[in-house]
Amino acid sequence: MALGGAQRELAQFRLGLMQGLSIFLGYLPAAIAFGVLGASTGLANFQVAVMSAWVYAGASQFMALNLYQSGVSTPEIILATFVLNFRHALMSTVLSKRIQGSRAIRCLLSFGITDETFVLTTISSSVGSGSEEAVREITAARFAGVAVIAYSGWVIGTVFGTVFADILPQLAMKSMGISIYAMFIALLVPSMKKSGRIAMIALLGAALNWILLSELKLSAGWSVVTATMLASACGALCYKGEKQ
Amino acid sequence: MKIYLLIAGMALATYIPRLLPMILPERLQFPAWLDRWLQQVPYAALGALIFPGVLTSVDGQQPWLGLLGGVTAGLLALAGLNILIVLASAIAVVAFSLSIF
């Protein structure tokens, strides 16, 4: 049965919402923790919520609160944020070639690019979950679904954390820190099982990141982007040898 | 007021790197080698995002608990379980271990 354009877009948007549910669940505890921390630094609850809604970058927000409290100047904090988030330029470049949609739509959707939405959309589209055809391409509607539910998790979690800072159970908060990593691993393992080349690229990315962080003392943002570019370059060279 | 200036500045600092590549002309064709390179980026990024961050995922310390949660997730994903079940199980294993130790 052929679906009409609008119906198909709605179906893709719903698929995105479903796929993004794991990100929502991963963001909630991190965002709640951010809300709790923000409320304890003397910022108004509203200001903490605005930071999550506008900045929408997990690690940078934690870092900014830290620096803000220790009296670091505003331009320095902004520069540190830029450095930590520059890796998203690489992810956005990959997505710019794969999201189907007009440039205006893609510019709008780019606000929703995070480490998590990037890997979820690019990898679920490569390995397939749900019907094969529905996930092969990253339609604008599916990316929007993933982005909307992820963003909701981040903002709702922050507000929840500022309001209920005093009554949250510590054990639950600590254990849920694993959730985003569990999601990353659940995304990666099926692809690794399928292809030795993918397994090698991922392991190389992990090993390089570890070396760059611990031996070369790179900051987390640069370390991830450098390790990613080197490991994917090795993978591309391998691929060339394999296929052509 | 100063805090809003900080937030607005940070918002630009996070949005600009996300936005810039999307401004590239729509029909711009990358050379084949660059396309091949970019196709591998998600897997390399996943590896780098998982490790060693997973070791500090539980309370910023206790690397063994992070590792335990990560290995749990890996084994269940290997068994082909749904992503949400993998997620819930990893949280449960870490919570259980935290409450014992």
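In which loop of chain A is Lys217(A) found? Lys217(A) lies in the loop between α12 (196–214) and α13 (220–243) of chain A. Here helices (H or I, at least four residues) and strands (E, at least two) are DSSP runs, numbered from the N terminus. The structure is a predicted model, in which local features need pLDDT of at least 70 and side-chain atom pairs count only at pLDDT 80 or more, while totals for chains, interfaces and linings use all residues. Residues are numbered from 1 along each chain as its sequence is written, and chains are lettered from A and ligands numbered from 1 in the order in which they are written.

Lys217(A) has a phi near 55 degrees, a positive value in a residue other than glycine. A residue is called buried if 20 or more other C-beta atoms lie within 10 Å of its own, exposed if 12 or fewer, and partly exposed in between, with C-beta atoms placed from the backbone. Lys217(A) counts as exposed because it has 8 C-beta neighbours inside 10 Å. Tyr56(A), in the loop between α2 and α3 of chain A, also is not a glycine and has a positive phi, of about 45 degrees. Tyr56(A), however, is buried, because 23 other C-beta atoms lie within 10 Å.

The next two residues belong to α3 of chain A and the loop that follows. Leu65(A) is placed in helix α3 (residues 58–69) of chain A. With 19 other C-beta atoms within 10 Å, Leu65(A) is partly exposed. Two residues are in contact if their C-beta atoms, placed from the backbone, lie within 7 Å. Apart from its neighbours within four places in sequence, Leu65(A) is in contact with Leu37(A), Gly38(A) and Thr41(A). Val72(A) is in the loop between α3 and α4 (74–85) of chain A, and counts as partly exposed because it has 14 C-beta neighbours inside 10 Å. When neighbours within four places in sequence are left aside, the contacts of Val72(A) are Leu67(A) and Ile77(A).

On a wider scale, the domain assignment divides chain A into domain 1 (5–179) and domain 2 (195–244); such bounds come from an automatic or database domain assignment. The centres of domain 1 of chain A and domain 2 of chain A, taken over C-alpha atoms, are separated by 24 Å. Seven residues of domain 1 of chain A are in contact with eight residues of domain 2 of chain A. On the side of domain 1 of chain A that touches domain 2 of chain A, the elements giving two or more residues are α4 and α5 (87–98) of chain A. The largest share of that side, three residues, comes from α4(A).

Within chain A, two helices also pack against each other. The axes of helix α1 (residues 5–40) of chain A and α11(A) come within 8 Å and cross at roughly 155 degrees. Axes are lines fitted to C-alpha atoms, for helices over the stretch in contact, and angles run from 0 to 180 degrees between N-to-C directions. Angles under 35 degrees count as roughly parallel, over 145 as roughly antiparallel, 65 to 115 as roughly perpendicular and the rest as oblique. α1(A) and α11(A) are therefore roughly antiparallel to each other. The contact joins Ser22(A), Ile23(A), Leu25(A), Gly26(A), Pro29(A) and Ala30(A) of α1(A) to Ser179(A), Ile180(A) and Met183(A) of α11(A).

Helix α11 (residues 179–194) of chain A appears again where the two chains meet. In total, 80 residues of chain A are in contact with 60 residues of chain B. To the side of chain A that touches chain B, α11 of chain A gives the most, with 13 residues. By class, this side has 52 nonpolar, 21 polar and seven charged residues. Ala, Val, Leu, Ile, Met, Phe, Trp, Tyr, Cys and Pro count as nonpolar, Asp, Glu, Lys and Arg as charged, and the others, Gly among them, as polar.

Helix α2 (residues 45–55) of chain A packs against helix α1 (residues 2–19) of chain B at an angle of about 20 degrees, with their axes 9 Å apart. That angle makes α2(A) roughly parallel to α1(B). Gln47(A), Val50(A), Met51(A), Trp54(A) and Val55(A) of α2(A) make the contact with Ile3(B), Ile7(B), Met10(B), Ala11(B) and Thr14(B) of α1(B). Eight nonpolar, two polar and no charged residues form this contact.

Chain B has a notable peptide bond of its own: the bond from Phe51(B) to Pro52(B) is cis, with omega near 5 degrees. Pro52(B) is placed in the loop between α2 (32–50) and α3 (63–78) of chain B.
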